[in-house]
Amino acid sequence: MVLLSCTLSNINCDVFTYQNDQELARQLVELGHKGSSLEREEFETRKAAAEASRLASGSQQKKLASTGKELKDNFLRALAEREEANRSGEMTSIIFIRDRNSHGQEISGYIDYSHRLKSEDFEPYFSGKKRLMPKTTDLSFYNWGTQVAKHNGSSNYEVITENPSGLLFKCKNDRKILNVDPEATPGDSSTRTPVQSDLYVHVVIYDHVTRKPATSSCAPLSN
């Protein structure tokens with residue numbers, strides 16, 4: 001096992017990896033991830049993102065929506081960091097956002113990042129022309145003013161509402177459960193990352209690593 005030490009934004013971090021992950025570990029350091037330490041699950045999440053980025057740089061793939069954009073907020077940088085892995089299917093991230101809409105109403109919801117990436121143009125979000133906000137068609141949507149609540153499955157996840165502790169999301173490919181309860185562990189192959197953002201009241205990103213080839217998707221191949 002190899003230990004790489006680095007200082008990122010005045011925060012010391014240790015990246016633990018096996019010998020065949022040395023190059024990916026170096027990429028993680030170069031990407032400037034924050035945190036006090038990377039546990040194995042979190043390392044696998046970061047590894048998938050770095051591996052997808054490496055594959056993209058070595059082949060002629062469609063230009064990423066975040067490419068060439070000046071990303072001034074932590075949230076946009078976090079989305080850019082995960083874009084290629086979510087497009088390739090190596091990772092499927094769920095984004096929790098709580099903020100006020102254009103009418104001043106507080107809304108919150110869970111967004112399937114991979115699904116939204118493939119169904120709409122994200123360049124306006126990365127360029128700052130639009131704000132990514134929960135929609136009634138997302139995995140979960142709640143308007144705190146009107147008390148309108150919506151739950152929808154996506155190409156990647158089933159929504160489980162019959163849980164006393166709150167919502168659960170089941171990946172349609174590996175059937176693993178992602179638990180978004182902040183008091184619980186997210187689940188196997190999943191991590192929870194709070195993001196400090198000047199654009200939103202509250203943001204949390206849940207990353208689920210599928211451990212599939214870069215050409216696969218978290219959705220069943222038959223879909």
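Two strands count as paired if DSSP finds at least two bridges between them, where strands (E, at least two residues) and helices (H or I, at least four residues) are DSSP runs numbered from the N terminus. The model treated here is predicted, so that local features need pLDDT of at least 70 and side-chain atom pairs count only at pLDDT 80 or more, while totals for chains, interfaces and linings use all residues. Residues are numbered from 1 along each chain as its sequence is written, and side-chain values use heavy atoms, with hydrogens and water left out.

**Exercise 1.** Work out in which order the strands of the six-stranded open sheet lie, and which strands form its edges.

*Solution.* Begin with the inventory: the protein has five helices and 11 strands. Six of the strands make up an open sheet, which reads β6-β5-β4-β3-β11-β10 and is paired in the antiparallel sense. Its edges are β6 (149-151) and β10 (190-194), each of which pairs on one side only. From one strand to the next the twist averages 10°, an angle taken between N-to-C directions on a scale from 0 to 180 degrees, with axes fitted to C-alpha atoms (for helices, over the stretch in contact).

**Exercise 2.** Find how many bridges join β5 to β6, and which residue of β6 stands opposite S140; then do the corresponding count for the pairs that involve β11.

*Solution.* Start with β5 (residues 140-143), which is joined to the antiparallel β6 by three bridges; the residue facing S140 there is H151. Turning to β11, its antiparallel pairing with β3 extends over eight bridges, and I97 stands opposite V203 of β11. With β10, strand β11 pairs over five bridges, again antiparallel, and P194 has V204 in β11 as its bridge partner.

**Exercise 3.** Decide whether β11 is mostly covered or mostly open, and identify the helix that lies across it.

*Solution.* First count the buried residues (under 20% relative accessible area with a 1.4 Å probe, protein chains only; exposed is over 50%, partly exposed in between): seven of the eight residues of β11 are buried. For the protein as a whole, 47% of the 223 residues count as buried. Next, helix α3 (residues 74-88) lies across β3 (91-100), β10 and β11 (202-209), and runs at about 155° to β3.

**Exercise 4.** Establish what confidence the predictor assigns, and where pLDDT stays under 50.

*Solution.* On this 0 to 100 scale of confidence in each residue, the mean for the protein is 81, and 71% of its residues reach 70 or more. The value stays under 50 over residues 1-20 and also over residues 213-223.

Key. Contact = heavy atoms within 4.5 Å.
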